[in-house]
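Me: Could you walk me through a few local features of this model? I'd enjoy taking them one by one.

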Amino acid sequence: MTNVTFLPWVDPESSPIAASPDISGEAVGDAAEVPAGVQRLSRVMFTEVEDVVEDEEESVAALDLDALEQTLLRKLHTHDMSVHEVMAWLRSKDAAEGDAAELVAKFERLNYLNDERLARELVSRLSERKGKSKSVIARELRQRGISSSAVDEALEAIDDDDELSKATELALQRVRQFSKLDDATAERRLVGFLSRRGYSGQTVREACREALASRN
């Protein structure tokens, strides 16, 4: 005989389960009516549990986003990043697209992210410290996702005279290393050196001519 455990609101004496000799352990449909009040209570309890789970998930997501924001702030203190680079970084951290866009917009409003400012800083750094030409600088900035308009505006700070002056300065510094070379070999190496930095043919020729003249 199958043992049956009755819920508190079920009267064992009047239950059709107790009266039936054919109970075999399988569930019997509608064997015991659950009072309406209990059904309502059960629904309320399940709804409350679901709400708590959703609230906890939202809380965890908010905490994750806050932590990501703090990490990004620290990263920006040590690294120059474009909007494109920040979005790529956020995606690599599995940030939702909407959350990433919202965080980037917030940082732009706070001026933590500014591609125009970044373009100007990079142009100055790459030109003055690295001796790179406008064409090379433009390529590097575009590779970092900075818009063409921001790149072009930043490059306006470098005119042709500035570029020739920088190329000549580099050539004069370099030619001092070629004291044991003949003029033809020194010129060939100077041309390669300046061309790799993206200077135009005319700028390279003029800079080399002045640098080689300084050997005499």
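Here are some short questions and answers about one helix and the loops around it.

Reply: Happy to! This is a predicted model, in which local features need pLDDT of at least 70, side-chain atom pairs count only at pLDDT 80 or more, and totals for chains, interfaces and linings use all residues. Residues are numbered from 1 along each chain as its sequence is written, and side-chain values use heavy atoms, with hydrogens and water left out.

Me: Around the axis of H4, what arc do the buried residues Ala100, Leu103, Val104 and Phe107 cover?

Reply: Helices here are DSSP runs of H or I with at least four residues, numbered from the N terminus. Ala100, Leu103, Val104 and Phe107 are buried in H4 (under 20% relative accessible area; exposed is over 50%, partly exposed in between, with a 1.4 Å probe and protein chains only). They sit on the same side of H4 because their arc, taken from the directions from the helix axis to the C-beta atoms, is only 100°.

Me: Which residues are exposed on the other side of H4?

Reply: An α-helix has 3.6 residues a turn, so residues three or four places apart point the same way. Opposite the buried side of H4, the exposed residues are Gly98, Glu102 and Arg109.

Me: Which residue with a positive phi follows H4?

Reply: The loop between H4 and helix H5 (115-129) holds this residue. Its phi is about 70° although it is not a glycine, and its relative accessible area of 40% makes it partly exposed. The residue is Asn111.

Me: Is Asp94 buried or exposed?

Reply: Asp94 lies in the loop between helix H3 (83-92) and helix H4 (97-109). With a relative accessible area of 72%, Asp94 is exposed.

Methods:
Helices (H or I, at least four residues) and strands (E, at least two) are DSSP runs, numbered from the N terminus.
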